[in-house]
Amino acid sequence: MRYQNTYGKLDTRLYHKQPPTPLNNPRVGHFNTQVAQQLGWTEDSDLMVRWVDIVGGHYVPAEFEPLAMAYAGHQFGQWAGQLGDGRGLLMAQVLDNNDQLQDLHLKGCGLTPYSRMGDGRAVLRSTIREYLCGHALTQLDIPSSNALGFVVSDTPIRRERMEAGAALMRVADSHIRLGHVEWIASFAPDLLGEFTDYMIDTYYPECRDSEKPVLAFLQAVVERTARMIADWQLIGFAHGVMNTDNLSITGSTLDFGPFGFMERFDPAWVNNHSDHTGRYAYQNQPAIGHWNLNVWLPHFMRLTQAGVTRDSLAECLAPYEPTFMQHYQQGLCRKLGLPHQPESLKLAFEWLTLLEDNLLDYTNSFRALLGLIAPNDHPYEQQLLATMIAELDGEPLQVWQDWSARYLAQIENLSNDQVINELQTNNPVYILRNSMAQHAIDAAEQGQFEEVDRLYTLLASPYSVQDIATELDSRPPAPNAPQMPISCSS
Ligand code: AMP
Ligand code: MG
């Protein structure tokens, strides 16, 4: 691997260098060969041979420089003060095959100075959810952390019940969160200039060409965040805990806890059982992204020499909404195979209303449109369409018939092949439903990891109908079925 450990050269107040605490008897959970390849791991390398020892905390290769990062954050809208890597360590920074910097970060590594009341560990169920979610989003082309693999162990962990300790080697383009800057502003304000230079040089070097690199950087973070959240909305992803300590400065999805993929379409849907007010409901995500950036940006007021003023910060934030809207609306039109224009958007919003009014499955309904346009070539989608229509009767059925007639009229003037291609490449067949993850977790807790492996394969090609799929992989819960409780404590 091509190491580029630079974080540990920054001011020592920003982190604590320490090794992980080993787990008892770590064993293979799953290994992501695609990520290993991306990082340039070869079959016979020491890293590959000893990956279970590395992830289990028993072996730290000489080139690794493990450290826990300090950061702070706003949690559920309130200032939470110092947080930091309480159960994670940045192990190494490396260049991947595309010369893109990647962090190797061990989650579930044991206590650090930032563990507060926690035990520094991660349980198997949350580790599997994080592992599969990072993989699913990556394969859906949504910027996200991913993972090299995870291990399970005999270390007992107390949660609501006793569970097995696990650890995940997360791989992400950065682990710097909005909350890093919040920590600096509160606890080491003299470091802000140096740290901002580090963020620009490492992650946004193109901003150096700008007349005011700091402002260019801030606006770029705003725009990347807006695009990431538009991607989430389009695929039906709810992050669950959009605290400022869980948002990366690179606009890449980070920290999977009580996340969920939308099943039956309900914009007010909250996947996080602990989110009593619905702050992080699916439909609130775009506004929360804006809220987070709005509490983050004023810290840079200190950098007056870089030309930062209140007005210039407002100008950095202003593109958030148009960037989100443009990306979301374009994506929504693509999901219907239509050009980005007002008539398409009108049809798209009527379609979403139909889904919402009848609690139809978000993923399956979009995909079912292939069964409307080209049923003979798409038997799976034809079946999805039949299932969808079977859930409609009376007035909703009329609404569907009217809508589909107008939809077919709109695509009549377009190239059929192009419409089909857009529908196929923008509407996944498979997402990670909570029930799918839970099924894999139940088996893994009994020592069986085949289901994790099957989901890994399934989600590696989310846009293709696959033979290894089971009925569970495309089946939403019954309408109004009680929701599976997914909470932060994991
Ligand atoms: P999260 O809700 O996972 O984003 O975590 C919020 C903060 O709590 C972060 O600083 C985590 O490092 C810390 N944390 C979460 N779980 C644990 C744990 N089991 N032990 C120590 N720290 C934890
Ligand atoms: Mg977090």
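**Entry 1: the site of ligand 1.** I first looked up where ligand 1 is placed, and I found that ligand 1 sits in the largest pocket. I note that the model is a predicted one.

**Entry 2: the shell.** I then listed the surroundings of ligand 1 and obtained 17 residues. Those that come nearest are Gly84, Gly86, Arg116, Asp119 and Gly120. I sorted the shell by class and recorded 8 charged, 7 polar and 2 nonpolar residues.

**Entry 3: polar atoms facing the ligand.** I looked up individual distances next. Arg116, which I had already entered among the nearest residues, has a polar side-chain atom 2.8 Å from an oxygen atom of ligand 1. For Asn246, I noted a polar side-chain atom at 3.0 Å from an oxygen atom of the ligand. Arg121 takes part through its backbone: one of its polar backbone atoms is 3.3 Å from a nitrogen atom of ligand 1. I also looked up the cover, and the protein hides 81% of the 480 Å² of accessible area that ligand 1 has on its own.

**Entry 4: domains.** I consulted the domain assignment of the protein chain, which gives domain 1 (2-172), domain 2 (179-329) and domain 3 (336-426). Which domains supply at least three residues each to the shell around ligand 1? I found that domain 1 and domain 2 each do so.

**Entry 5: domain 2 and domain 3.** Lastly, I turned to this pair and computed the separation of their centres over C-alpha atoms, which is 33 Å. In the contact between them, I counted 14 residues from domain 2 and 12 residues from domain 3.

Key. Residues are numbered from 1 along each chain as its sequence is written. Chains are lettered from A and ligands numbered from 1 in the order in which they are written. This is a predicted model: local features need pLDDT of at least 70, side-chain atom pairs count only at pLDDT 80 or more; totals for chains, interfaces and linings use all residues. Side-chain values use heavy atoms; hydrogens and water are left out. A residue is near a molecule or strand if one of its heavy atoms lies within 4 Å of it. A polar contact is a pair of N or O atoms within 3.5 Å; within protein, one must be able to donate a hydrogen and the other to accept it, and residues adjacent in sequence count only if both atoms are side-chain atoms. Accessible areas come from the Shrake-Rupley method with a 1.4 Å probe; for residues, only the protein chains shown count as cover. On a 1 Å grid over the protein atoms alone, a cavity is a set of points where a 1.4 Å probe fits but cannot get out, and a pocket is an open set with protein on both sides within 12 Å along at least five of seven lines; lining residues have an atom within 4 Å of a point. A molecule sits in a cavity or pocket if more than half of its atoms lie within 2 Å of its grid points. Ala, Val, Leu, Ile, Met, Phe, Trp, Tyr, Cys and Pro count as nonpolar, Asp, Glu, Lys and Arg as charged, and the others, Gly among them, as polar. Domain bounds come from an automatic or database domain assignment. Contact means heavy atoms within 4.5 Å.
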